[in-house]
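Here is a set of short exercises to work through with the model open beside you. Try each task on your own before you read the solution.

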Amino acid sequence: AASQLLDDLAFVQGACERIASTPLPFPYVLLVARTSLFYVLLAPFAMAEEMGWWTPLFNALLAYTFFGLDELARQLEAPFGDAPQCLALGAMCRTIEIAAAEALGDAAPLALKPNEKYIVM
């Protein structure tokens, strides 16, 4: 049973290492950025007749959405860092450490507390 758990743990660790070491291909990043840029630049010409003076407002909303999603994808590309948007691996490991210590009858360490920005690392 313990051997199977260790095998499963090694498999998951390997999967996490593959995720961490596989960047988004640069042509994909470039394609998304250029497509978003061209769409945002050309969209006002398609909207101008229907929306009139409201066109800049709708185009700004469109640009915010597309470029925001692009930036979000860039930040989520590396989920195992120590930035605030990354996974709280330290807290997850501490939870496992507490559970293991309690199961073994040892003194459990204290749980990690969030910092002043409510981030647990």
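The exercises below go from model confidence to helix geometry, surface and contacts.

**Exercise 1. Confidence**

Task: Find out in which helix of this predicted model the confidence is lowest and in which it is highest.

Solution: Start with the whole protein, where the average pLDDT is 84. Of the residues, 96% score at least 70. Now go to the helices: α1, residues 2–21, has the lowest confidence, with a mean of 84. The highest belongs to α3, residues 55–76, with 89.

**Exercise 2. The span of α2**

Task: Compare the expected span of α2 with the distance between its end C-alpha atoms, then locate its kink.

Solution: Begin with the length, which is 26 residues. The expected span takes 1.5 Å times one less than the number of residues, so α2 should cover 38 Å. Next, take the end C-alpha atoms, which lie 36 Å apart, in agreement with that expectation. Finally, look along the helix for a bend: α2 has a kink of about 30 degrees, and its centre is F45.

**Exercise 3. Two sides of α2**

Task: Decide which residues of α2 are buried, and which residues make up the nonpolar patch on the surface.

Solution: Buried means under 20% relative accessible area. In α2, the residues that meet this are V29, S36, V40, A43 and M47. Turn next to the surface, where L37, F38, Y39, L41, L42, F45, F66 and F67 form a nonpolar patch. Together they have about 840 Å² of accessible area. Two or more residues of the patch come from each of α2 and α3. The biggest contribution is that of α2, with 6 residues. Take Y39 as one case: this residue sits in α2. Its relative accessible area is 45%, so Y39 is classed as partly exposed. The kink centre F45 is also a member of the patch.

**Exercise 4. The salt bridge**

Task: Locate the salt bridge and describe how its partners are placed along their helix.

Solution: Recall that side chains of opposite charge can pair when their charged atoms come close. The structure holds 1 salt bridge, formed by R94 and E97. Their closest N and O atoms are 3.3 Å apart, which is within the 4 Å cut-off. Now count along helix α4, residues 89–104: the partners are 3 residues apart, so about one helical turn separates them. As for exposure, E97 has 41% relative accessibility and is therefore partly exposed. R94 is partly exposed as well, because its relative accessible area is 24%.

**Exercise 5. Sequence against space**

Task: For Y64 with V40, E17 with F80 and P23 with T65, set the separation in sequence beside the C-alpha distance.

Solution: Take Y64 to begin with, a residue of α3. Its relative accessible area is 65%, so Y64 is exposed. From Y64 to V40 there are 24 residues in sequence and 9.6 Å between C-alpha atoms; V40 is among the buried residues of α2. Move on to E17 in α1, which is partly exposed because its relative accessible area is 47%. E17 and F80 are 63 residues apart in sequence, with a C-alpha distance of 9.4 Å. Last comes P23, in the loop between α1 and α2. With 57% relative accessibility, P23 counts as exposed. P23 and T65 are 42 residues apart in sequence, and their C-alpha atoms are 23 Å apart.

Terms used: Residues numbered from 1 in each chain as written. Predicted model: local features only at pLDDT ≥ 70, side-chain atom pairs only at ≥ 80, totals over all residues. Heavy atoms only, no water. pLDDT = per-residue confidence, 0-100. Helix = DSSP H or I, 4+ residues; strand = E, 2+ residues; numbered from the N terminus. Patch = residues over 30% accessible without salt bridge, like charges linked within 9 Å, V, L, I, M, F, W, Y side chains within 5 Å. Areas by Shrake-Rupley, 256 points an atom, 1.4 Å probe, with all protein chains shown as cover. Salt bridge = Lys/Arg side-chain N within 4 Å of Asp/Glu carboxyl O. Buried < 20%, exposed > 50% of the residue type's maximum accessible area, 1.4 Å probe, protein only. Bend = angle between axes of the 7 residues up to and from the residue.
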